[in-house]
Amino acid sequence: MKGVFIAFDQAHRDAVIDTLDHLNCRGFSLIEQMQGRGSKTGDPHYGTHAWAAMNSGIITIVNDNIIESLLASLKKIDEDAPMLGIRAFVWNIEQCY
């Protein structure tokens, strides 16, 4: 099992959830209002007058065999609108119940 944290501009919300649905990743937790800024490019997302955009985040636990397809789909979303921003981070899950 792998844990995946996906941070994304709120405009990507439906596309990210559709991607999870398409890959049969049923369980996830959504954080609607996240502030942050990318490590490489893009504008900060602080929800202020100067930086009005906001991020969201999803954390999900998926089977190992889904990771490559999930990351490829998220990369495609990013490539279609690179100024909005989306990133995914994957780590091993040792145990769960």
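The following questions and answers concern a predicted model. Local features need pLDDT of at least 70 and side-chain atom pairs count only at pLDDT 80 or more, whereas totals for chains, interfaces and linings use all residues. Residues are numbered from 1 along each chain as its sequence is written, and side-chain values use heavy atoms, without hydrogens and water.

Q: How many disulfides does the count come to?
A: A disulfide is a pair of cysteine sulfur atoms within 2.5 Å. The sulfur of Cys-25 has its closest cysteine sulfur in Cys-96, 14 Å away, which is too far for a bond. By this rule, the number of disulfides is zero.

Q: Is Cys-96 buried or exposed?
A: Buried means under 20% relative accessible area, exposed over 50%, and partly exposed in between (1.4 Å probe, protein chains only). Because its relative accessible area is 58%, Cys-96 is classed as exposed.

Q: Which helix supplies the largest share of the largest nonpolar core?
A: A nonpolar core is a set of buried Ala, Val, Leu, Ile, Met, Phe, Trp, Tyr and Cys residues joined through side-chain atoms within 4.5 Å. Of the 16 residues in the largest one, Ile-6, Val-16, Leu-70, Leu-74 and Ile-86 touch the most other members. Strand 1 (2-9), helix 1 (13-22), strand 3 (55-62) and helix 2 (67-80), taken as DSSP runs (helices H or I, at least four residues; strands E, at least two) numbered from the N terminus, each supply at least two residues of this core. The largest share, four residues, comes from helix 2.
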